[in-house]
Amino acid sequence: NIEKVSVAWEACAKIYDIQLSNDGLSFNTVWSKTNGFGGMGTIESVLSGASGRFVRMQAHERATAWGYSVFEMEVYGSSPEIEIEGQPI
């Protein structure tokens with residue numbers, strides 16, 4: 001389960017999506033930003049337990065003349081409990 005995605009921008013997108021996928025091929029938008037602006041810094045997207053194996057940020061429109069530049073993208077959440085030979089790990 002993915003609880004939060006944090007994107008630290010240098011040159012940000014005015015419009016972008018956080019997308020999730022189980023197979024890395026077909027992505028679904030789970031969060032959108034439509035009013036980004038230059039200098040907005042780090043944006044946290046609260047997803048409240050959305051599920052997926054792959055996470056991506058899909059930018060659609062620049063907020064500045066310099067394109068897109070991301071310092072860091074962090075994904076927070078938990079993985080399902082896994083058992084080996086009946087023992088949780």
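**Close-ups of an all-strand chain**

At 14% relative accessibility, I43 counts as buried, since the cut-off for that label is under 20%. That residue opens the set of views below, all of them drawn from a predicted model.

**View 1. I43 and its company in strand β4.** Here we zoom in on I43, which sits in strand β4. Which residues does I43 touch, once those up to four places away in sequence are set aside? The list runs V5, S6, V7, W9, Y16 and W31. Keep W9, Y16 and W31 in mind, as ring pairs tie these three into a cluster. For a contrast, look over to N22: I43 and N22 are 21 residues apart in sequence, and their C-alpha atoms are 24 Å apart in space.

**View 2. V7 in strand β1.** V7 belongs to strand β1, and with a relative accessible area of 0% it is buried. Beyond its neighbours within four places in sequence, V7 is in contact with I18, G41, T42, I43, V70, E72 and M73. So I43 from the previous view turns up again here, as one of the V7 contacts. How far apart are the C-alpha atoms of V7 and T42? They are separated by 5.5 Å, with the two positions 35 residues apart along the chain count.

**View 3. S45, a buried serine in strand β4.** S45 is found in strand β4, residues 42-50. Is S45 buried or exposed? Buried, as its relative accessible area is 0%. Leaving out residues up to four places away in sequence, S45 touches E3, K4, V5, I18 and W31. Two of these names are worth following through the set: I18 is also a contact of V7, and W31 is also touched by I43.

**View 4. S48 and its backbone angle.** Stay in strand β4, but shift to S48. What sets its backbone apart is a positive phi of about 55 degrees, although S48 is not a glycine. As a rule, most residues other than glycine have a negative phi. S48 is also exposed, given its relative accessible area of 60%, whereas S45 in strand β4 is buried at 0%.

**View 5. The aromatic rings of W9, Y16 and W31.** How many aromatic pairs does a search of the whole structure find? Two. In one of them, Y16 and W31 form a tilted pair, with 5.8 Å from centre to centre and 50 degrees between the planes. The pair bridges distant parts of the chain: Y16 comes from strand β2 (residues 13-21) and W31 from strand β3 (residues 28-33), 15 residues apart. Both Y16 and W31 are buried. Widen the view a little and W9 joins in, as ring pairs link W9, Y16 and W31 into a cluster.

**View 6. E10 and S69.** This one takes us to E10 in strand β1, residues 2-11. The C-alpha atoms of E10 and S69 are separated by 5.2 Å, though the two residues are 59 apart along the chain. Apart from neighbours within four places in sequence, E10 is in contact with S69 and F71.

**View 7. T64 in a loop.** Where is T64 found? In the loop between β5 (54-62) and β6 (69-77). T64 still counts as buried, at 17% relative accessibility. Its contacts, not counting neighbours within four places in sequence, are A11, C12 and G38.

**View 8. Zooming out to the whole chain.** The protein chain has zero helices and eight strands. Its radius of gyration is 15 Å, well over the 12 Å that the globule rule gives for 89 residues, so the chain is more spread out than a compact globule. Taken along the principal axes, the C-alpha atoms fill a box of roughly 55 × 25 × 20 Å. Buried residues make up 30% of the 89 residues. Among contacts between residues at least 6 apart in sequence, 73% join residues at least 24 apart. The chain exposes about 5800 Å², and carbon and sulfur atoms supply 46% of that area. On the charge side there are 6 positive and 11 negative side chains, and the centres of the two sets lie 13 Å apart.

Terms used: Residues are numbered from 1 along each chain as its sequence is written. This is a predicted model: local features need pLDDT of at least 70, side-chain atom pairs count only at pLDDT 80 or more; totals for chains, interfaces and linings use all residues. Side-chain values use heavy atoms; hydrogens and water are left out. Helices (H or I, at least four residues) and strands (E, at least two) are DSSP runs, numbered from the N terminus. The radius of gyration is taken over C-alpha atoms; the globule rule is 2.2 Å times the number of residues to the power 0.38. Buried means under 20% relative accessible area, exposed over 50%, partly exposed in between (1.4 Å probe, protein chains only). Contact means heavy atoms within 4.5 Å. Accessible areas come from the Shrake-Rupley method with a 1.4 Å probe; for residues, only the protein chains shown count as cover. Lys and Arg count as positive and Asp and Glu as negative; His and the chain ends are not counted. The place of a charge is taken as NZ of Lys, CZ of Arg, CG of Asp or CD of Glu. Rings of Phe, Tyr and Trp (its six-membered ring) pair if their centres lie within 6.5 Å; planes under 30 degrees apart count as stacked, over 60 as edge-to-face and the rest as tilted.
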